[in-house]
Amino acid sequence: MQIAVLSGATTKFGELWEQSPRSLAQEVVSQAIEQAGIEKKETQALFVGNMLAGILGGQENIGAFFADELGLEVPAVRIEGACASGGLAVHQAVLSLLTGKYQTVLILGIEKMTDYKPEEVAQALMAAGSDEERKAGLTFPGLYALMAQAHMEKYGTTEEEMAAVAVKNHFHACLNEKAQFKKEITIDDVLKSAKVADPLKLLDCSPISDGATAIILSSKFKVQSSRDKPVFIAASAVATDTLALADREDLISLKATKKAARKAYQMAGLGPEDIDLAEVHDCFTIAEIMAMEDLGFFEKGKAGQAILKGETKIGGKGPIINSSGGLKAGGHPVGATGVKQIVEVFNQLSGQAGKRQVKGAKIGLAHNVAGSGALAVVHILSNL
Amino acid sequence: MVGIIGYGAYIPKYRIKLEEIAKVWGKNPQEVISSLGVAEKSVAGIDEDAVTMAVEAGQTALRMGGVSPSKIGSILVGSETHPYAVNPSSTIIGETLACGNNYLACDLEFACKAATTGIWLTTGLIESQKIDYGLVIGSDCAQAKPHDVLEYTAGSAATAFILGNKKNEVMAEILDFATFSSDTPDFWRRDGIRYPAHAGRFTGKPGYFAHVIGAAKKLFQKSGTEPSDFDYCVFHMPNGKFPKRVAKILGFSFSQLESSLIVEKIGNPYSASSLLGLCQVLDQAQPEAKIFFVSYGSGAGADGFIFQTTKNLMKKRRLAKKVAEFIKNKSYLSYAQYLKIRRKI
Amino acid sequence: MISPVKIWRHQKKVNQLLGKTGKIVSFTLIRVAPVEFKQQVPYPVVVVRIEDGRGVVGQLVDWEKKNLKLGQKVKTVYRKIREPESEGIIPYGIKFKPC
């Protein structure tokens, strides 16, 4: 069975004061349905990726909520996996197609975060961590700062190398009309920004954002025209590691990423050298450095230098990382991110990435992480 | 013969100098320091309270005493700053120190003499063979209203004592006891009110002196002793002046008092004050040393004890950090940091 | 309000971490804190490898800048986790202090 991405649509990510979760969903789902060239009633199930609707908005029963809002009387379920909610929703959708029970399904990743004060949001996000981490007064920047400190100590990774991740992603975001920050920054800007949790500074951190992304997957598809290149899901893999950072084998890599990547490569019959571009989970700059290593693109400890050299920037040696601007510059509406990553890869592989197009892209990877690495989802897409 | 088989002290790391406080309120620092006889006081960290400090001191006392916590038959905790008005500090501490479930627990309050009263009560329990070992703790995270004279001296510390009656364990025997109580409203704190209030100079002669001298005289009489019989004397230290004056009035020399003085560097940690002085003496005393001890609690009352050290003191006290080490291990705060840390801002 | 039942259930976990020593495996200094910890900012949080091999995370207290380094020896101490709500139960727990 081949699973094709029929369409992918995303809203702008950012502070969307006038948009409610309902309006975000409507915008993005109607676009996805139109682009797929199908009737709304052809979608047989709805998978919603979302983390904070309950904690912040007091709204649970999210599957039903959006099925109702979208006028879909179909089985609907909300999948939660902290920041990997979107990727997990895609994974569950893929599994549902593999059972043969459904042929065409809709995935909606959605998050509304700016209705609340930043400290309320920061506290809510720590629901992804462990009880001990919350009691220690940790924040998400704090968790990744602990990993950064260890990575810097072991491999000599520098604050400049981490800053270069943000600089590159902002550069990419300037080419993406849906990105939250369409403004270039310099390494100096990052280094001068206020410290949040040493050594991470404000510009090392992804923002609080609103946004929604929808994709339609199908196991029965028709190539729309000779010009369109169908894009297939070549692999969908999930792996878990310990919830708490202190329980991990080491602080310098995410075992969950390594395991999920290994499974995905195996499923697709590919290796890291085959990947042309990847959307990785850069919730913090150090996370992109670790992902580059854990996904097998670069040797452990060598990713920092590769970024400084521009190898992963559009036009660089490759693989091109976070052409969308990533989480850092693209924005990170938690539940939507994992789905948006798939849309970016889909656009690249179907030649629709406009100014960001990575020429000749054939195989792309999406990497979505929950919390400080308790779970990771890796998808591989291909247009071959 | 009931006595102390282990003791522990804890003084938080932070200090504020009196001159720092005086400057903020436009007072002459030298005048304040010399009139109170105190140079700096200890300040508990933002996450410390009477219970957390008591746990530290209690751990030390257990280690020195060499007693399994499950053998503790009673835990009495004296404080003016119990974290709860209703909910015993003694069971929070007992649970944390793994004392099991078979101990009598009670929180005591009598201003600065709550814990010393606990010592005498525990002595009774042991002597009457109701229990084998008892833990007594004096711990305070003293609070004072900004710009009140008490602000200069209200300090924080904790002391813990394990009492028992096995001859090979006792390091300081309790030879005698006398107490003096009256209704004297010199210093008080109403329920629900954050800071204590006091009656100014009335806390002196009719307060501290009347009761300390009253208990001391009773103790001399009961035991048939006089000042020259003692190697050390320890008195409650609300400031640097009172203990020196009362020692003189009672006929003690400064050299007998000197070893117990902690107030100049720590201030007045209320229920831990006189007991911290006792710990400092025990850190230095030789075997067979006789100690004359009187605490004071506003409201008012005084507890007098005669202790005599044994040779068991020498080896056992090496298991713990000395009071002098705690006093030396310090880090100064500015007035603003002090207010922040004590949550006054 | 912090659940008193959860605090009660966690007592054993807290007690068996008392009196332990270990070494800092990583550290950070939190400058932007969750609401309940705001008063304590800035404060270090450390991951410690305890003598029995376990990894434990917690705040570092009574610290100086020179203590924020990998390999620093620390011991566990009993402290208030944070200030409780005005009517709530006080959460006590384990933090670390440089040896």
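Trainee: Which helices of chain A do the buried residues of α4(A) pack against?
Mentor: Quick vocabulary: helices (H or I, at least four residues) and strands (E, at least two) are DSSP runs numbered from the N terminus, and buried means under 20% relative accessible area, with exposed over 50% and partly exposed in between (1.4 Å probe, protein chains only). This is a predicted model, where local features need pLDDT of at least 70, side-chain atom pairs need 80 or more, and totals for chains, interfaces and linings use all residues, while side-chain values use heavy atoms without hydrogens or water. Residues are numbered from 1 along each chain as written, with chains lettered from A and ligands numbered from 1 in written order. The packing partners are α6 (140–155) and α13 (334–349).

Trainee: How are the buried residues of α4(A) arranged, seen down its axis?
Mentor: In α4 (residues 118–125) of chain A, the buried ones are Val121(A), Ala124(A) and Leu125(A). They fall within an arc of 100° (taken from the directions from the helix axis to the C-beta atoms), so they line one face of the helix.

Trainee: How does α3(A) lie relative to α13(A)?
Mentor: Helix α3 (residues 85–98) packs on α13(A) at about 60°, with the axes 5 Å apart. Axes are lines fitted to C-alpha atoms, for helices over the stretch in contact, and angles run from 0 to 180 degrees between N-to-C directions. Under 35 degrees counts as roughly parallel, over 145 as roughly antiparallel, 65 to 115 as roughly perpendicular and the rest as oblique. That makes α3(A) oblique.

Trainee: And how many charged residues are in the contact of α7(A) with α10(A)?
Mentor: The axes of α7 (residues 159–173) and α10 (residues 285–294) of chain A come within 8 Å and cross at roughly 95°. Glu161(A) and Lys168(A) are among the α7(A) residues involved, and Glu288(A) is one of those from α10(A). Ala, Val, Leu, Ile, Met, Phe, Trp, Tyr, Cys and Pro count as nonpolar, Asp, Glu, Lys and Arg as charged, and the others, Gly among them, as polar. The split is five nonpolar, two polar and, for charged, three.

Trainee: Is Thr28(C) buried or exposed, and what is its relative accessible area?
Mentor: Thr28(C) sits in strand β1 (residues 21–30) of chain C. Its contacts (heavy atoms within 4.5 Å) include Leu138(A), Ala145(A) and Tyr43(C). Thr28(C) is buried, at 0%.

Trainee: How far apart are the nearest C-alpha atoms of chains A and B?
Mentor: Among the two pairs of chains that touch, A and C have the most contacts. Chains A and B do not touch, and their nearest C-alpha atoms are separated by 12 Å.

Terms used:
Lists of a residue's contacts leave out its neighbours within four places in sequence.
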